[in-house]
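Reader: Hello! I am new to this structure and would love a close look at one small part of it. Could you pick a spot, walk me through it, and then show me the surroundings?

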Amino acid sequence: MRTYLAPLGFDSRRVVRPVLSEGIETGDRVVLLQPASSSDRGEDAFQEVQNVLTQVVPDLDLETEHLPYTDFVETTLYCADLIQASEGDTIVILGGGARELLLPLTVATFTSGANIDTVLQVGDIDSSVRRLPRLNLRGEVSDAEATLLADLHDLDAVLSISEIADELDKSKSTIARHINSLESEGFVHTRKDGRSKTVDITDSGRVFLKTRNSSPI
């Protein structure tokens, strides 16, 4: 089962295209987010989405959530509640709708990484559907772990834990412990390579470093 969350404006294609590209089947749920004061054009867009998607899945569970939009924090919290209440794989579509809903949904999406399986973006320039990386913007790491992450960025290579320990003149056990913590936050990715484990910094790790420090990396 999948739950799609998508802001809906006047262009139904910005919902239909990513949903169809990802796939939809019986049991899936599509939740369309619209402003609390939806217009006739918004209702027309809902009908267009319904007409297309129910041709693929006749008994599709298609819903509308009318969100407040004058209070940014309140709207963000509302979006976070919807994400947390989603069942099955959660797919967020960032592609259309009013900015008053799109921006809070974006913030809620990238601060709810553990609850999101896929993030899709519909481009304004070429209308292509792209998968976005799942970034963790709420990383909680110690100063020592953050320092190790910065060191890994500076080393700029995929190294084993032993090689990292040698490069940084640290004990292997300390490096391994910090790597486990960083991986739990999604800031590094490890992979078995024979009897050793290699470590690579992730997109979330790079963004965390860039936004944590004011000095350029």
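Author: Let's start at Gly186, which sits in the loop between helix H7 (172-184) and strand S8 (188-193). Please keep in mind that this is a predicted model. Is Gly186 buried, exposed or partly exposed? With a relative accessible area of 29%, Gly186 counts as partly exposed, because that value falls between the 20% limit for buried and the 50% limit for exposed.

Which residues does Gly186 touch, once its neighbours within four places in sequence are set aside? They are Thr202, Ser204 and Gly205. Asp203 belongs in this picture too: its C-alpha atom is 8.8 Å from that of Gly186, and the two residues are 17 apart along the chain.

From the loop we can step back into helix H7, where His178 lies. The relative accessible area of His178 is 12%, so this residue is buried, the limit being under 20%. Leaving out neighbours within four places in sequence, the contacts of His178 are Ala144, Glu145 and Leu148.

Now let's visit another part of the chain, strand S1, which covers residues 2-7. How many of the six residues in S1 are buried? Six of the six are, which makes S1 a mostly covered strand. The cover is found on both faces: Arg2, Tyr4 and Ala6 are buried on one side, and Thr3, Leu5 and Pro7 are buried on the other.

Strand S1 has a partner on each of two strands we can look at in turn. With strand S2 (residues 29-35), S1 runs parallel, and five bridges join the pair. Two examples help to locate them: Thr3 has Arg29 in S2 as its bridge partner, while Leu5 is matched with Val31 in S2. With strand S4 (residues 89-94), S1 also runs parallel, this time through four bridges. Here Tyr4 stands opposite Ile91 in S4. In general, strands of a sheet pair through backbone hydrogen bonds, in either a parallel or an antiparallel way.

The path from S1 to S2 is worth following as well. Together with helix H1 (residues 13-22), these two strands make a right-handed β-α-β unit.

Widening the view, we meet an open sheet of six strands with mixed pairing, in the order S3-S2-S1-S4-S5-S6. At its edges are strand S3 (61-67) and strand S6 (129-132), each of which pairs on one side only. From one strand to the next, the twist averages 25°.

Helices lie across these strands. Helix H3 (residues 72-85) lies across S1, S2, S3 and S4, and runs at about 160° to S3. Helix H4 (residues 99-110) lies across S1, S2, S3, S4, strand S5 (118-122) and S6, at about 140° to S4.

Finally, here is the whole protein around these parts. It has eight helices and nine strands, and of its 217 residues, 42% are buried. Its C-alpha atoms fill a box of roughly 65 × 40 × 30 Å along the principal axes. Among contacts between residues at least 6 apart in sequence, 66% join residues at least 24 apart. The protein exposes about 11,700 Å², and carbon and sulfur atoms supply 46% of that area.

Terms used. Residues are numbered from 1 along each chain as its sequence is written. This is a predicted model: local features need pLDDT of at least 70, side-chain atom pairs count only at pLDDT 80 or more; totals for chains, interfaces and linings use all residues. Side-chain values use heavy atoms; hydrogens and water are left out. Buried means under 20% relative accessible area, exposed over 50%, partly exposed in between (1.4 Å probe, protein chains only). Contact means heavy atoms within 4.5 Å. Two strands pair if DSSP finds at least two bridges between them. A crossover is right-handed if, with the strands pointing away from the viewer, the path from the first strand over the helix to the second runs clockwise. Axes are lines fitted to C-alpha atoms, for helices over the stretch in contact, and angles run from 0 to 180 degrees between N-to-C directions. Accessible areas come from the Shrake-Rupley method with a 1.4 Å probe; for residues, only the protein chains shown count as cover.
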